[in-house]
Structure formats: C-alpha cells, structure tokens
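Biologist: Before we discuss any details, could you take me through this model feature by feature, in the order in which a careful reader would take them?

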Amino acid sequence: MKRVLIFMLIAVLVTLTGCAKIINTEYKEVDVKITDTYHRAAYVTPIRAGKVTSLITHPAVYRTYIKYEGIEYTLSGSSIYNKYKNKVGQTVKGKLKIDTYDDNTIRYDIIEIYEK
C-alpha cells in the first residue's frame, strides 16, 4: 500500500511539472571559426550467438567542430565535413539560432555554416 501511494505521488509530481515553451526564435549571421573535423568510416562487427553469426553495421561519422564566443558547437553530416575538412582554423559565416523560453532562459545554437 505504501509503495502504491509513493508511486502515485511521484506520478502526480511529474505530471504537474511543465516543460518550458519557446516564445521567440531569432536567427543571426555570425562569424565562427572551424576548430576541428572528425571522420570515422563505417564498419561491421560480427556477433556470434550460439551457431548464428549476426553482423552489426555501424554507420560512418562525420563531425565538424566550430567555435563561437568561446563555445564549441558540433555540426554533423558528410556534406559539411567534405566541404570544410581542409579549412580548419579559418573563419566562416554561421547561422546562430536564439530560442527564448517562457521561463526567461535563452538557448543558443549554430545550425549551419557557409562561405563568406
């Protein structure tokens, strides 16, 4: 009985707490610096379970690291990686997304980069 009461109390508390909602979104063009790139090729891992061998395929990973105002952001995707892999250390334009929430918190994120 006590466990059921505690479970119901936790369930009520979880449902009463609300998530912050976005009330405003802005976009700005800013200068960002490409700090690093990372690529890991796709690979396959064989897993043996009894008499059966299954193959687990791991996808390729492409990451481009950029820095804006001392904060490092990561963009994923082969097209961005291939375009900027030889431009580490250079400054390019980036699109900064600024989300303002109803509890007055602000979240910044670089969502894309492109040539000047």
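The dialogue below goes from the overall fold to single residues.

Modeller: Let us begin with a caution, which is that this is a predicted model, and everything that follows should be read with that in mind.

Biologist: How many helices and strands does the chain have, and in what order do the elements run?

Modeller: The chain has two helices and seven strands, and from the N terminus on these elements run α-β-β-β-β-β-α-β-β.

Biologist: What radius of gyration does the chain have, and what would a compact globule of 116 residues have?

Modeller: A compact globule of 116 residues would have a value near 13 Å, whereas the chain has 22 Å. The box filled by the C-alpha atoms, taken along the principal axes, is roughly 65 × 60 × 20 Å. One pair of residues can be set beside these values: Val 4 and Tyr 81 are 77 residues apart along the chain, and their C-alpha atoms are separated by 52 Å.

Biologist: What share of the residues counts as buried, and how much area does the chain expose?

Modeller: Of the 116 residues, 20% count as buried, while the chain exposes about 8,800 Å², of which carbon and sulfur atoms supply 56%. As for contacts between residues at least 6 apart in sequence, 58% of them join residues at least 24 apart.

Biologist: Which residues make a nonpolar patch on the surface?

Modeller: Val 4, Phe 7 and Met 8 make a nonpolar surface patch of about 340 Å². Val 4 has its place in helix α1, which covers residues 2-16. Membership in such a patch requires over 30% relative accessible area, and Val 4 meets that requirement because its relative accessible area is 48%, a value that makes it partly exposed.

Biologist: How should I read the pairing of strands, and in which sense do β2 and β3 pair?

Modeller: In general, the side chains of a regular strand alternate between the two faces of the sheet. Here, strand β2 (residues 43-49) and strand β3 (residues 52-58) pair in the antiparallel sense over seven bridges, with Pro 46 standing opposite Leu 55 in β3. The two strands form a hairpin with two residues between them, and Gly 50 in the turn has a positive phi of about 70°.

Biologist: Where is positive phi found in a residue other than glycine, and is the residue concerned buried or exposed?

Modeller: Glu 69 is one such residue, with phi near 50°, and its place is in the loop between β4 (61-68) and β5 (71-76). Glu 69 counts as exposed because its relative accessible area is 67%. Asn 104 is another residue that is not a glycine and has a positive phi, in this case about 70°; Asn 104 lies in the loop between β6 (91-101) and β7 (106-114), and it too counts as exposed, at 67% relative accessibility.

Biologist: Is Thr 37 buried or exposed, and which residues does Thr 37 touch?

Modeller: Thr 37 lies in strand β1, which covers residues 22-40. The cut-off for burial is under 20% relative accessible area, so Thr 37, at 17%, is buried. Leaving aside residues up to four places away in sequence, Thr 37 touches Arg 63, Thr 64, Tyr 65, Tyr 81, Tyr 84, Lys 85 and Val 88. Tyr 81 in this list is the residue whose C-alpha atom is separated by 52 Å from that of Val 4.

Terms used
Residues are numbered from 1 along each chain as its sequence is written. This is a predicted model: local features need pLDDT of at least 70, side-chain atom pairs count only at pLDDT 80 or more; totals for chains, interfaces and linings use all residues. Side-chain values use heavy atoms; hydrogens and water are left out. Patches are made of residues with over 30% relative accessible area and no salt bridge: like charges are joined within 9 Å, nonpolar side chains (Val, Leu, Ile, Met, Phe, Trp, Tyr) within 5 Å. Accessible areas come from the Shrake-Rupley method with a 1.4 Å probe; for residues, only the protein chains shown count as cover. A salt bridge is a side-chain nitrogen of Lys or Arg within 4 Å of a carboxyl oxygen of Asp or Glu. Helices (H or I, at least four residues) and strands (E, at least two) are DSSP runs, numbered from the N terminus. Buried means under 20% relative accessible area, exposed over 50%, partly exposed in between (1.4 Å probe, protein chains only). The radius of gyration is taken over C-alpha atoms; the globule rule is 2.2 Å times the number of residues to the power 0.38. Contact means heavy atoms within 4.5 Å. Two strands pair if DSSP finds at least two bridges between them.
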